[in-house]
Amino acid sequence: MAAWCFLPVSKKETKIIREKYGAHARGFGSLPVTAKINKVSWQTSICYDGRSESYLLPLKAVIRRKADIAECDTVTCTLEICI
């Protein structure tokens, strides 16, 4: 299992987040969030990626194990912006 994977936020949701919270972005365009997948929640940050024009949510291997996420799974994530 790779140490890190990145879950892209949809472009539609990214646009909403940037319009509402973009002025609060920190280094690398990051925003602090509470993320939740499969009843597992944790504090992290999402970072804006200009190439894909979307935010990316980093998923450590430990989080993927706790949330029972396999490499090719499709997942749904809830994000709460913590500003």
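In the predicted model, Ser30 has a relative accessibility of 9% and is therefore classed as buried, since this value lies under the 20% limit. Ser30 belongs to the loop that runs between α1 (11-21) and β2 (31-37). When neighbours within four places in sequence are set aside, the contacts of Ser30 are with Ala25, Ser45, Ile46 and Cys47.

The fold in which this loop sits is built from two helices and five strands, and these elements follow one another along the sequence in the pattern β-α-β-β-β-α-β. The radius of gyration of the protein is 12 Å, close to the 12 Å given by the globule rule for 83 residues, so the protein is as compact as a globular protein of that length. Measured out along the principal axes, the C-alpha trace spans about 35 × 25 × 20 Å. Of the contacts between residues at least 6 apart in sequence, 61% join residues that are at least 24 apart.

With regard to solvent exposure, buried residues account for 30% of the 83 residues, while the accessible surface of the protein amounts to about 5,800 Å², of which carbon and sulfur atoms contribute 51%. The protein carries 13 positive and 8 negative charges, and the mean positions of these two sets are 5 Å apart.

A pair of aromatic rings is described by the distance of the centres and the angle of the planes. The count for this protein comes to two aromatic pairs. Trp4 and Phe6 form a stacked pair, with a distance of 6.4 Å from centre to centre and an angle of 15° between the planes. Trp4 is partly exposed, at 46% relative accessibility, whereas Phe6, at 51%, counts as exposed because its value is over the 50% limit. In the pair formed by Tyr48 and Tyr55, the ring centres are 5.6 Å apart and the planes stand at 75°, so this pair is edge-to-face. The two tyrosines fall into separate accessibility classes, in that Tyr48 counts as partly exposed at 25% relative accessibility, while Tyr55 is buried, with a relative accessible area of 1%.

Key. Residues are numbered from 1 along each chain as its sequence is written. This is a predicted model: local features need pLDDT of at least 70, side-chain atom pairs count only at pLDDT 80 or more; totals for chains, interfaces and linings use all residues. Side-chain values use heavy atoms; hydrogens and water are left out. Helices (H or I, at least four residues) and strands (E, at least two) are DSSP runs, numbered from the N terminus. The radius of gyration is taken over C-alpha atoms; the globule rule is 2.2 Å times the number of residues to the power 0.38. Buried means under 20% relative accessible area, exposed over 50%, partly exposed in between (1.4 Å probe, protein chains only). Contact means heavy atoms within 4.5 Å. Accessible areas come from the Shrake-Rupley method with a 1.4 Å probe; for residues, only the protein chains shown count as cover. Lys and Arg count as positive and Asp and Glu as negative; His and the chain ends are not counted. The place of a charge is taken as NZ of Lys, CZ of Arg, CG of Asp or CD of Glu. Rings of Phe, Tyr and Trp (its six-membered ring) pair if their centres lie within 6.5 Å; planes under 30 degrees apart count as stacked, over 60 as edge-to-face and the rest as tilted.
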